[in-house]
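Here is a friendly note to help you find your way around this structure. Have a look at it first, and then read the points in order.

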Protein chains: 4
Amino acid sequence: MNIGVVGLGKMGFNLSLNLLDHSHEVVVYDINQEAVEDLSRKGAGGAATISELVESLSTPRVIWLMVPAGAITDNVISELKPLLSEGDIVIDGGNSHYKQSVHRAEELLNQGIYFLDVGTSGGTDGARNGVCTMIGGNKEAFMTVEPVFRDICVENGYLYAGESGSGHFLKMVHNGIEYGMMQSIAEGFDLLEKSSFDFDYEKVARVWNNGSVIRSWLMELTENAFSKDSRLEGIKGVMHSSGEGKWTVETALDLQTATPVIALSLMMRYRSLEEDTFTGKVVAALRNEFGGHAIVKSEE
Amino acid sequence: MNIGVVGLGKMGFNLSLNLLDHSHEVVVYDINQEAVEDLSRKGAGGAATISELVESLSTPRVIWLMVPAGAITDNVISELKPLLSEGDIVIDGGNSHYKQSVHRAEELLNQGIYFLDVGTSGGTDGARNGVCTMIGGNKEAFMTVEPVFRDICVENGYLYAGESGSGHFLKMVHNGIEYGMMQSIAEGFDLLEKSSFDFDYEKVARVWNNGSVIRSWLMELTENAFSKDSRLEGIKGVMHSSGEGKWTVETALDLQTATPVIALSLMMRYRSLEEDTFTGKVVAALRNEFGGHAIVKSEE
Amino acid sequence: MNIGVVGLGKMGFNLSLNLLDHSHEVVVYDINQEAVEDLSRKGAGGAATISELVESLSTPRVIWLMVPAGAITDNVISELKPLLSEGDIVIDGGNSHYKQSVHRAEELLNQGIYFLDVGTSGGTDGARNGVCTMIGGNKEAFMTVEPVFRDICVENGYLYAGESGSGHFLKMVHNGIEYGMMQSIAEGFDLLEKSSFDFDYEKVARVWNNGSVIRSWLMELTENAFSKDSRLEGIKGVMHSSGEGKWTVETALDLQTATPVIALSLMMRYRSLEEDTFTGKVVAALRNEFGGHAIVKSEE
Amino acid sequence: MNIGVVGLGKMGFNLSLNLLDHSHEVVVYDINQEAVEDLSRKGAGGAATISELVESLSTPRVIWLMVPAGAITDNVISELKPLLSEGDIVIDGGNSHYKQSVHRAEELLNQGIYFLDVGTSGGTDGARNGVCTMIGGNKEAFMTVEPVFRDICVENGYLYAGESGSGHFLKMVHNGIEYGMMQSIAEGFDLLEKSSFDFDYEKVARVWNNGSVIRSWLMELTENAFSKDSRLEGIKGVMHSSGEGKWTVETALDLQTATPVIALSLMMRYRSLEEDTFTGKVVAALRNEFGGHAIVKSEE
């Protein structure tokens, strides 16, 4: 299939290679023209501008966006919109908020353009060798591009999830679950670390990956991580987050659903960003006030 | 290897079959003699009493206990102790508390008997076809019985974890992680259920099992569960627990370790055992007191 | 001071009486004209419409809104705006979101009208006899109306908190703290209820109100509640919420601040709205899948 | 009343002064004889040994223990036991675990000695000027010493709670509630600190203490703390704990009661004891493994 890819970061670059592997005619664009040239050498068509990319595609055009969620996605869609024709299909493979995807689908449909919101999972390796995708939007548009999903995804690794927004909703919730699973694993190893036993964490992760109830890809990654740094001495326990966990908790609040584990997984990430907390200062001050309990003084 | 198995419940029965598959000479005992006879027909030696089981084993004897943790394990060990000789090896494959295992190992060692605390994971299917084990205790005793673990476990599915207690400690923490992972998955599906989208949960679980970051055995079981009852309409959301999650949280408290996700996973299970809560009554009453907010009256 | 009050619900009605007690010239309006007439009999001026209310006030006008947050507040302000003159002061005493208050202040200021966002606390009793207020907005406008706050608030019970939004921000956080305190108290009594001791809860609350570290108005309300229904048998533990706790948690997420206790207080309220949970069904199904643990069947 | 006091730390010393204020004949003992002499100068009888203290009391003797919970309390009781006679009354005013109090009461009763477990609250100031007590144990023994409680407690500030253990159980739960309330207040101020507004925390605490729903002694202490250090810059946010919160959570687990807020209040204290966490390292490592997300390196 003739397909355009906009955005050649870690994910978009690997996805383009994955498409090329399966003999799709890929035309690529990125503001970083080095990435474009690199892929051109590997068999993709390169475009210097978005309009060049649009022009080089046969209709109905299929354009896969793999750009940062939010303003940049908005900008790219705004630039694309006047260039596209009825029946063209825009795929947003980024981590967009599902409500924005619902909105974008409506806006594009006013002009006869289809919009598919596609949650992708599997990391950079998955993008390269077999990704997992959850797809929302117009069903016929999906069926038009289904061959692409069949090729670039692992077996059984794509799902048409339903109306617009459902793909990104699934991806959001997927990430919420991921936060909870990661925190669960991490808390477990913290207990091992605090115990008086002397565990070899790589071996523990390995045995848990072979036959146990908690065997999982995340535990395999845990095994990998410990194989490189047996006690993670080189890593600081600062847990950043990229937004989807926050959206999951916000959605839980909107849906009045108790998701304590996902919420706490997120909040412990926030906590890890701070060396000291004002919460802690207040509690320490209160203990000192009523019980005369000693406080730890701040270093000058 | 010549090995005795005491306790032929779901796990012990399957483990015995697993041992027989690998040509071990298994002698079995259970208070339920039907299970003993059943296994006798399948090639095991049957014992009518514990002392008969002990007598029928060659020294150094190897006896695998697969009985309920706590008092029953204590009773079986008390009965075994006077019958055993120096150099014999007792394996506790049950879900015993690691501190009890440390204590039992010391007590038996006073008599020259070795005690291995073995955490087992993988469910009943694992016990039958390839289990995962974490082993604590005397290293030489472990090496004596290592061929058994090599046979009954999946590849890379056993780990000598260190001194007495370490096997059951690992199993305990494994279960803590399991609680967190299960709650994470469940909260995610609860959000799908509350959303306005119309998801096919079996298909969602399937796509998440193929290429996604959260692919895992628990997600496969989720897929199985939804394949049998697509919206779990036949199941009440009562979440029982068998004790290891509680021990994990108690251990976290003893080690002064923050494990919010494991703790909340457990507490939400407790919450699920109650139709109504006194906590809720107090909060509702307070809202009524200060704001005149309406309360929901108990049904007569 | 000549002051208009729009909105005569539980809070606005009591506040008007409070103002009358302190010899303010109060003109009141509500779509419910019965409340208007009732207050007229008690010394207030009554207005049949908002424009009548505006006309009956001397300039610079001071108008206190005590209407439901959100759309209704918006509507009232829209109706007021063309009727007001430069220098008039609109006070929003409702539970508006602080971001909306920032926005409204800007909009009204474009027309030379001042807007004060006033968080009020103390319940209906407080509104009647001595309220607690946190005030954001233009400082000079505040100083113009400060005599009103001095009269209707308890001693030291009003605070000019700073720029627009700060009053409602403080009220929002106040409610977040309130959620946490209420849940803390309620969990404590739940432990008493589950224990094997036979406590008299009213007496427990009373002793805790006299000299203990946790003495507080909420504990006094707890004492009151138990004095009416000693085991709260007439109340169902359904914990509704009116929005400010949710805003607090959303704000915590926006500010990347770990507020586990406020977040969980809210989530346990959501949990209390459900008889059964999908989360629970999934966990129960999973336990059944891997361990053959019995599930509780849904009633037909 | 003739009463002995053993243990003259901050609490015991103040309590002795409180007793002297009310004209009780107090005999005091502490291993620190300076405290004994100090109180002697203030009107108490001083004892150089426990047996001297016992001898100097008229029967039935009343002895109030105010010593650290655990081993020291055990030692003192062991030393006292052979010296006491039938009908004597031992009062444990320390923070003992309620199960130990049940046990101690049984043991002493075997010898005809009564044991009252007395939870005390109100801090050092309370001990001096009016304490809050929750009393468990034999009711007649309580009635014998009730005049003491009437004198040293604030009005309505003592409660006979029921059988042995109930006093310390109430105190334990009281502290659990206290943890939750303190964390609630602290999280609230953390949100103020993170916001873009510029709040004066002392003034905020003051306005919340005057008429608001969350007015409380803890909020008064918050006001005091901010009056001394307006942004708590001199205090590190390290939140120690002295054991009763942990007991509360352990009891919640034993009673299968969901107490998420008390549990999290405790766990955030544990979290505050660590500069960096192994949990954080594992999550950071995992994010790096699957998404190539940058990690923060440990400083050398």
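The points below go through how the two chains are arranged and how they meet.

1. A word on the model. This is a predicted model, in which local features need pLDDT of at least 70, side-chain atom pairs count only at pLDDT 80 or more, and totals for chains, interfaces and linings use all residues. Residues are numbered from 1 along each chain as its sequence is written, chains are lettered from A in the order in which they are written, and side-chain values use heavy atoms, without hydrogens and water.

2. Symmetry. A turn of 180° with a shift of 0.0 Å along the axis lays chain A on chain B with an RMSD of 0.0 Å (least squares on the C-alpha atoms of residues with pLDDT of at least 70 in both). The two copies are thus related as by a two-fold rotation axis. In chain A, the residue closest to that axis is Ser216(A), its C-alpha at 1.9 Å.

3. Contacts. Here 67 residues of chain A touch 67 residues of chain B (heavy atoms within 4.5 Å). The copies meet through the same surface, because 100% of the interface residues of chain A are also interface residues in chain B.

4. Buried area. About 5,600 Å² is buried between chain A and chain B, with 77% from carbon and sulfur atoms (accessible area, 1.4 Å probe, lost on being put together, summed over both). In chain A, Leu191(A), Phe197(A) and Val213(A) lose the most area to chain B, together 13% of what that side buries.

5. Salt bridges. Across this interface the rule finds zero (side-chain nitrogen of Lys or Arg within 4 Å of a carboxyl oxygen of Asp or Glu).

Key. Buried area = accessible area lost by both parts, 1.4 Å probe.
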